[in-house]
Amino acid sequence: MDEFKKQKKMVNLVWRPISSTQSSSVIIAEAGNDVREAAQCSKSSDVSEEVIEGGRSETALVVSAGKHSVSLEVGASLIKFIRGKEGATQMKLEEEMGVKIILPSSRNEDHIIIEGGSVDCVTKASERIETIIDEVVRSPSLDYSHFVSLPLAIHPELVEKLVNFQNSILGNNSIAGDEQDDQADKSTTSVAVDPKANSETNQVNVDIKSIPIVSYPPMTKAKSSTLFDLGIDKSIFIKPNTFHLTVLMLKLWNKDRVNEARDILKSISPSVMDALDNRPIFIRLKGLDCMRGPLAKARVIYVPVEEIGDEGRLLRACQVITDAFVKAGLVLEKDAKQSLKLHATVMNARHRKRRKDNRKRMETFDAREIHKQFGNEDWGEYLIREAHLSRRFVFEQNGYYRCCASIPFPGEHRA
């Protein structure tokens, strides 16, 4: 079943009076999980009907002068797709549907307004826009906004190993083809984390502290040139203080979907604990591998993950999380069908910064020498302390992804 059609079954009807020069009374009636507000208005009052479905809310306004309009909450990240290149999509919709589409002036706003001379034309335009949104969400055009992560950067000894791994390849913080990185990027190669448990929230608080960096000989011009030829530069390395395991990728394009995802994660905490048998879970990180394709044309290099004890408890816990989000209709159909392979990415060509000379960005890199040197690397054994609903592209002060919600894992240490 389509994930969006599935979610559209959950509809909340809310009747409210729109701005009026006369006062009105509101009667609120609750039935189960539905809340209905019946507005008793004078004849001059406008009435709205708000329907929330599939993560979008719709408010239909009936104006006494014969003009009809609807307000759609589509999410700020989707506005550009309704506008189209140089406004082409918006103008085409207005011409074909006989409506006027008012887009928000601020990037932080996520509502659009459709105005027309009849309920029919406004309704058809609204349906057309919902179709556009559904198509965009399913396509690569709209990037994933959030993901469920298992933070690994809370372990300072692991962060230090990652820093040294990058330095040994790049050579004492030097960057091939990217000598003018800003200070913020430079600082990420010399930081670690100091985890402290918060007894009230059961969440691990992470503080940054400096790590003594192992000294390496300065990278010679010849080595810099070689790295460039191999397609290797600092930007394709994962920042050590964001190191994690990914459980599930999500496209949460408006506040309603983010709030629902937050509630879902918190609600399944007992089930996750049960899947873990209420015992701490440890993993071993060892070696390096390439995600699809040959090492000579690598796109992603990762560290394989092995559960200590090989009982399958971690995968069961991850499946509980995945199933809950799929059931709520928050997971794309193609993602719901994929089997989970836990891995810790250390290099990703997609993260490569665009060159200042506007030359075509390299899609791959040659990882053969890296694999030869680190293919059997023992990165150590680590406790998984919690799961986060993480927001991509936004970071906390400690350098890790913005945490929208979290649930604890059993945290006792092994005997």
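Mentor: Two strands pair if DSSP finds at least two bridges between them, with strands being E runs of at least two residues and helices H or I runs of at least four, numbered from the N terminus. This is a predicted model, in which local features need pLDDT of at least 70 and side-chain atom pairs pLDDT 80 or more, while totals for chains, interfaces and linings use all residues. Residues are numbered from 1 along each chain as its sequence is written, and side-chain values use heavy atoms, without hydrogens or water.

Trainee: OK, so what's the strand order in the open sheet?

Mentor: The order is S12-S9-S18-S19, an open sheet of four strands whose pairing is antiparallel.

Trainee: Which strands stand at the edges?

Mentor: Those are strand S12, residues 244–250, and strand S19, residues 401–408. Each has a single partner strand, so one side of S12 and one side of S19 have no neighbour in the sheet.

Trainee: And how much is the twist from one strand to the next?

Mentor: It averages 25°, where angles run from 0 to 180 degrees between N-to-C directions of axes fitted to C-alpha atoms, for helices over the stretch in contact.

Trainee: Over how many bridges do S9 and S18 pair?

Mentor: Strand S9, which covers residues 146–151, and S18 are joined in the antiparallel sense over four bridges.

Trainee: Which residue in S18 does His146 stand opposite?

Mentor: His146 faces Arg391, so if you want to find the S9 and S18 pairing on screen, that pair will do.

Trainee: Switching to helices, which strands does H8 lie across?

Mentor: Helix H8 lies across S9, S18 and S19, and its direction is at about 30° to S19; contact here means heavy atoms within 4.5 Å.

Trainee: What about H10, which strands does that one lie across?

Mentor: Helix H10, residues 313–327, lies across S9, S12 and S18, running at about 20° to S12.

Trainee: Where do the axes of H3 and H4 stand relative to each other, and at what angle do they cross?

Mentor: The axes of H3, residues 88–97, and H4, residues 119–138, come within 10 Å and cross at roughly 145°.

Trainee: Which residues meet there?

Mentor: From H3 the residues are Thr89, Leu93, Glu96 and Met97, and on the H4 side they meet Cys121, Lys124, Ala125, Arg128, Ile129 and Ile132.

Trainee: How do those residues divide into nonpolar, polar and charged?

Mentor: The contact of H3 with H4 has six nonpolar residues, one polar and three charged, counting Ala, Val, Leu, Ile, Met, Phe, Trp, Tyr, Cys and Pro as nonpolar, Asp, Glu, Lys and Arg as charged, and the others, Gly among them, as polar.
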